[in-house]
Amino acid sequence: MKDDILRRVRAALKDKEPASHPGSLPPDGERDAAVLFTERFQAGGGEVVSFGSMADAAVWLSDFASQFTSAAVAKGIPESLCPGLPEAPPAEADLGVSMARRAAALTGTMVLDSREGRAVQLLEPVHLVWVQAEALTAGLGGALDGLEKDLPAALGLHSGPSKSSDIGGITVQGVHGPGRVIAALLLPGALNARQTY
């Protein structure tokens, strides 16, 4: 039985062009990881903002935070990346703020650490996630590579706002978590501090 299945698979693949490995960036050389991540994350319904300096990030953050009345901020977020809003429990806050451990450009996926507090990542209607340029990798395999040395209880893979098409095949955002997710990319040199737990 197994040999018969493998023989049919080999026959079906005989004239097929080999596919490139999905864990590498496209060969055009002009699309860097930040550009590709932005395209893929936005295609999943997320928003992306990019900053070349902490000064630019601070100006944007001040303006962005003015839309909210309270925030739940994950453990370990540098003071310079906190919105300066009154703190509230995640179930009551308007905004959640966290930091991605890694991000995969090819899938537009952020890897979040449960030690930040899963409630901060899932309960607020709007979730702001800071992503350091050094955390960007080509594929998901690269994003997960090396994390086994410092694994939390759970890693969350977030590729935009939560969504469901379970009822009538109609996609609805925000059903199981934030309806709006913003990835804030800190480009090289914008933030030198590494997050520690």
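By about how many helical turns are Asp 4 and Arg 8 separated in helix α1? The first view below gives the answer for this predicted model, in which local features need pLDDT of at least 70, side-chain atom pairs count only at pLDDT 80 or more, and totals for chains, interfaces and linings use all residues. Residues are numbered from 1 along each chain as its sequence is written, and side-chain values use heavy atoms, with hydrogens and water left out.

**View 1. Salt bridges of Asp 4 in helix α1.** Asp 4 and Arg 8 are four residues apart in helix α1 and are therefore separated by about one helical turn; helices here are DSSP runs of H or I with at least four residues, strands are DSSP runs of E with at least two, and both are numbered from the N terminus. The two side chains form a salt bridge whose closest N and O atoms are 3.7 Å apart, a salt bridge being a side-chain nitrogen of Lys or Arg within 4 Å of a carboxyl oxygen of Asp or Glu. Asp 4 also meets the side chain of Arg 7 in a salt bridge, at 3.1 Å from N to O, and because Arg 7 and Asp 4 are three residues apart in helix α1, this pair too is separated by about one helical turn. An α-helix has 3.6 residues a turn, so residues three or four places apart point the same way. Asp 4 is partly exposed at a relative accessible area of 31%, whereas Arg 8 is exposed at 53% (buried means under 20% relative accessible area, exposed over 50%, and partly exposed in between, with a 1.4 Å probe and protein chains only).

**View 2. A nonpolar surface patch that includes Leu 13.** Met 1, Ile 5, Val 9 and Leu 13 form a nonpolar patch on the surface, and together they have about 430 Å² of accessible area, computed by the Shrake-Rupley method with a 1.4 Å probe, where for residues only the protein chains shown count as cover. Patches are made of residues with over 30% relative accessible area and no salt bridge, like charges being joined within 9 Å and nonpolar side chains (Val, Leu, Ile, Met, Phe, Trp, Tyr) within 5 Å. Leu 13 belongs to helix α1, which covers residues 2-13, and counts as exposed at 52% relative accessibility.

**View 3. The open sheet and the pairing of β4 with β5.** Four strands form an open sheet of mixed pairing in the order β7-β4-β5-β8, and its edge strands, β7 (136-137) and β8 (155-158), each pair on one side only. Two strands are taken to pair if DSSP finds at least two bridges between them. Strand β4 (residues 102-104) and strand β5 (residues 109-113) pair in the antiparallel sense over three bridges, and Arg 102 has Val 111 in β5 as its bridge partner.

**View 4. The salt-bridge network around Arg 101.** Arg 101, Asp 113, Arg 115 and Asp 150 are linked in a network of salt bridges. Within this network, Asp 150 forms a salt bridge with Arg 101, with the closest N and O atoms 3.7 Å apart. Asp 150 lies in the loop between α5 (140-144) and β8 and Arg 101 in the loop between β3 and β4, so the pair ties together parts that are 49 residues apart in sequence. Asp 150 is partly exposed at a relative accessible area of 35%, whereas Arg 101 counts as buried at 17%.

**View 5. Surroundings of Ser 98 in strand β3.** Ser 98 lies in strand β3 (residues 95-99) and is buried, with a relative accessible area of 0%. Beyond four places in sequence, its contacts (heavy atoms within 4.5 Å) include Ala 74, Ile 77, Leu 112 and Trp 130.

**View 6. Helix α2 and Glu 47 of strand β1.** The buried residues of helix α2 (residues 33-43) are Ala 33, Ala 34, Leu 36, Phe 37, Thr 38 and Phe 41, and they pack against β1, β4, β5, β7, β8 and β11 (180-186). Just after α2, Gly 45 takes a positive phi of about 95°. Glu 47 is found in strand β1 (residues 47-51) and counts as partly exposed at 30% relative accessibility. Glu 47 and Arg 180 are 133 residues apart in sequence, yet their C-alpha atoms are 7.8 Å apart in space.
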